[in-house]
Amino acid sequence: MESPDPSQIEEQEKKSVKMTKGPKRQADSKVSDNGVLQPLKMSKQELYKAPTVEEFNQLKEAENLFHCNLLKMQMDELLKEVALSEHRKNLLDSFVQQVTHLLHSVPKSEVVELEDLSWLSGVEVPFLFIPKVAKGKFHMEPPESINLVGSYPLGTCIKPQVSVDLAVTIPASILHPMDAINQRYPQKRALYLAGLVQHLMSTKTVGSLRFSCLHGNRLRPLLLIKPKGKDSSGVTLRVHAVPPPNFLKPSRFHPRKNNVRTEWFTGVANKQQERSEPPTPHYNSTILGDHLPLSHLQFLSAISTQCPPFRDVVALLKVWLRQRGLDQGAGCFCGFHASMLLAYLLSTHKVAKSMNAYQLFRNVLHFLASTDLTKNGITLAKNADTKAPSIPEFHMAFSVVFVDPSGHLNLCADMTTFTYKQIQHEALLSLKIWDDPTVDCFQALFMTTKSMIRTYDNVFYLSELVKLQASCKKLSLLNELMDHSGNYVLAAFPFILSLLQQGLGERIHLLAHSLPPDPEWSVDSAPPKHKDQPPLCIGLLLNLQHALSNLERGPPADSPMATEFRQMWGSRSELRRFQDGAITEAVVWSGGSACQKRLILREIISHLLQLHADIPGSSVRFVGQLDSLITVDKENPTTGEEESLKVIQAYEDLSRKLWQLEGLPLSITSVQGAHQVIRCTQVFPPVPVKLDYSFFDGEKNPVGLMPKADKPCPYYITPIKVIVHMEGSGKWPSNHLAIHHIKAAFHVCLGELLNKHHKYRYHAKPTYLDVWKDGLAFRIHVAYQREPQILREALTPEGMLIYRDNREAQSLELETQHKPYLTSTLHGLQQQHACFGAVSRLSKRWLASQFLLEDIQEEPADLLVASLFLHSAPFDPPCSPQVGFLRFLYVLSTFDWRNNPLIVNLNQKLTAADYAELKKDFVASRESLPAMFIATPNDKTVSVWTKEAPSVQMLQHAVMLAAKSLQVVQAQLVNSSLKQDIRVVFRPSLEAFDVLIHLVPKQVPLLAKAVDPPLATFQQGVFKGSASTERALPIIDYDPVRLYLSELREAFGDLALFFYDPFGGTVIAVLWKPKAFEAQSFKTTLMNARKVEVHNDVVSTVPNIEAILQDFQLIGEGLVKTVELRTEKWVI
């Protein structure tokens, strides 16, 4: 391959520079000798020239219409990015000319019967002959004409999927005026395409040849042609075979007319001659649609020339539709529909031609959001002929009505009501996003892909589509089968969706479905059967006020509606008497806990499909159900909601009793929960227990009840932290040590009063008070409001009082002020969004299993999950743990932590101005801020929860793990052929670690909560259920593994990193630090875990690995089972 001449490159670049110059301001651009553009040098007069009228208008437009100038620039850059380059257009034009020339040279063949395919060799006809081949004659000859149609000649074709449509007109001599009857025309159309393929294959001048069909319609096959060479991946030429314009009269395809005879379709003679044939509106619209591509192009071209931004608006709409998966497949809303809708708004003067692209795009979304085409259809026909159908007639035949300029064709004939409702919902949601100045609307609208699995709360798949044949029979859909030419999937699917919508009712806000994809197949292969297409996906947006209800209450027993209700629910319907005295029909679904109630929708869907459509449960696959990973009680499956509620009720009761205490030196000013269980986000909430005293040693111990020597580790009892603020008074000392003594006295006093008035067992310590209430342990900390301020006070040598921030004051402020505030705020969020707690617990379970919970700690993890509910754009707030967890992984893996703060607007206290100021301050101070910066209304500049962790390296590791986990989880949820084991992303890879410390399972207190818990369990000294009396307090907050870890980090933290899953992990993974094995100069103060080496009379120290590994075993004696060395991972 010859390299281009550098002089030619320079000349082309000079030309391109000249072409890009504006008409008003020009400056000479310079190109260096190596062909690199140099910065423009402008004179002082040009640099400070007043803005032109055009520039002034653009500035004013950006100020008035956009949230900021950045949004306008982003949209402009997007349009440049998706537009076809001149080079790409030249390639396309050349390729179109080449194919056109080849098609014009198609040889003429002899006339044969339609069923005679002997003249074809090496090519299969792209048509499913259902029920059989029609009668008629056929022959090949060159096309009557070949024309470019669709988006390319209109100028609305965009990248990356560049498709050019070529309409090849079938000669009139091949067709017959009666070909519209009984699929004769569609079969001839398919045969003509096969003949074109045979000719192109003989020339061997084009690239790959494949068949497809237009928007999933098997009656409209397409030929896909790609060029040879490196350009084949980015360009596809779609060849449509169409009849001559006006070959068949449009009136023949009226929605109420029949063009597929029952006798021909069924093969059974029609004995009732007087019986009228059923209308075939979908079949009619298919045939009629082939007659109109040229007239549609002419109409759109005329509109676009009158409105300069027309092409840009269509490009934006295409990107918007593509990101939502609405532009491809059967019944889609593609770029052609978007162009026609914009043309409708312009032609009916609902929008002005002088509007810019931004205004037009917003108006299109507003029209979609506010106009229900399922009830009030629209038409582009201004002067339709008298034989054209009326809008009510279209509504009788189709779900969605949008009539083309001819007045005869419904452009949305194949669209279901549910697809249009989905489009409406997306448009309304997009407008809300656009009107919110705190949201990055460009990212939400144009850059985020909304897959079904991350968009909808519940998703299920209908597989084994061959079973829909039985559904058609059960639902008596012979007429619909005829109308869809035997495609039982498209015939039955709308009825199944309507059935589910009726059955689910108020339980859902929206029912959406995937669009059956456009199949592609090789030209030498038979077309795929209807049953071979991928499973149909159905998504539900839940209404949590009703979604989890156990009761479906029907009409009164004597109501005419009762019969319909009983028919709907079958044997599940029964008469019930309610407390208000009413006797009505009702259906009761099983489910006591929240996780069981989440299965009610599955039960409803399976029941309805089996009862009314003969679809067995084996053909319905529900996606997700990750509840098992956070199950608290496996005997009575719960996922923590009920346990958290019991703890909150016990805390509120304790809080009331603390407020009512009398005899305290100072009164209590506030009682605040500061534990994650109070905000319903503890992975495994504590459950009330009573002690098995036979498990413990009878001897008294000041720490608490100790287990017998031969017993395993006792049950882990979680201390629930409560902050009690005492009133301010002059009696409080100003010395922090004296304050500690006063607080210790208050702990003793509170314990004695609680024991005296309520018989609560307690254990007072200098820094806290443990109270045993209803089988739960509450750890009370007395706080003094001014203590953090006192800790910051210091005296200079001159005796001046100054304030210096310090770690102790920050830590105390965090525990006594920030944490209680966060707990109460997130508790309120849980009241608004019932699944917030479950999503947070599931997300933190993943963090813990991947050894990340000590870096992305509890509070930042809760805030990250809270952002999914408070700032859910471009989605709705999640209403199921599954979709919330997927979005958590997505945000963690895709958020730009380096360049943006994560702003969590708790209680909606931050304004748009606050957002702008916060981002500005973040950019100015980025280098001094944490790697993960999370801002809240009470913490705008510091990010107190992530100040210490994670480090840059651990954050990058978390991002990488989240991205990989999301990929694996989505693949498993979507692809039924993969082994369904969601737990795989909760199992950490141990390959990267240098040493593995295996623990004795019986000494791990939370072993039963492991990702893969052991089958055999052991007794840990407790029974489930609260106890009325207790003889002594158990050991609270005793986790030997955590204590062992703290000793390891204290002793060897400068040499290694230690990782552990706190929820039942039996392995501590050790990773040597990169500089651990560097030799250091000998110092007697730095000999911990090191040994002396002498090289060339130079004394240095290196880590004593053998001794360190022995220490691992010795420090953990009784806890450590083995220490596994991975010597191939490190060298001494």
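**Salt bridges, a helix and model confidence**

Biologist: Hi! Which residue forms a salt bridge with Lys844?
Modeller: That's Asp862, with the closest N and O atoms 3.1 Å apart. Asp862 sits in helix α29 (residues 858-870) and Lys844 in helix α28, so the pair ties together parts 18 residues apart in sequence. A salt bridge means a side-chain nitrogen of Lys or Arg within 4 Å of a carboxyl oxygen of Asp or Glu. Helices (H or I, at least four residues) and strands (E, at least two) are DSSP runs, numbered from the N terminus.

Biologist: What should I know about the model itself?
Modeller: It's a predicted model: local features need pLDDT (the predictor's confidence in each residue, from 0 to 100) of at least 70 and side-chain atom pairs count only at pLDDT 80 or more, while totals for chains, interfaces and linings use all residues. Residues are numbered from 1 along each chain as its sequence is written, and side-chain values use heavy atoms, leaving out hydrogens and water.

Biologist: Okay, back to that pair. Are Asp862 and Lys844 buried or exposed?
Modeller: Both are buried, that is, under 20% relative accessible area (exposed is over 50%, partly exposed in between; 1.4 Å probe, protein chains only). They also belong to a network of salt bridges that includes Arg679, Lys721 and Glu815.

Biologist: How many salt bridges are there in the whole structure?
Modeller: A search finds 51. One of them joins the side chains of Glu641 and Arg841, at 3.6 Å from N to O. This pair links distant parts of the chain, helix α24 (residues 641-659) and helix α28 (residues 836-849), 200 residues apart. Arg841 is buried at 1% relative accessibility, and Glu641 is buried at 17%.

Biologist: New topic! What caps the N-terminal end of α25?
Modeller: Asn735 does: one of its side-chain oxygens lies 2.8 Å from the backbone nitrogen of Leu737. The helix covers residues 736-758, 23 in number, and spans 32 Å from first C-alpha to last, close to the 33 Å expected (1.5 Å times one less than its number of residues). Its buried residues include Phe746, His747 and Leu750.

Biologist: And what comes just after α25?
Modeller: Lys759, which takes a positive phi of about 60°.

Biologist: Last one: what pLDDT does the protein chain average?
Modeller: It averages 88, and 92% of the residues score at least 70. Over residues 1-37, though, the pLDDT is below 50. Where pLDDT is low, predicted coordinates should not be read in detail.

Terms used. Contact means heavy atoms within 4.5 Å. A polar contact is a pair of N or O atoms within 3.5 Å; within protein, one must be able to donate a hydrogen and the other to accept it, and residues adjacent in sequence count only if both atoms are side-chain atoms.
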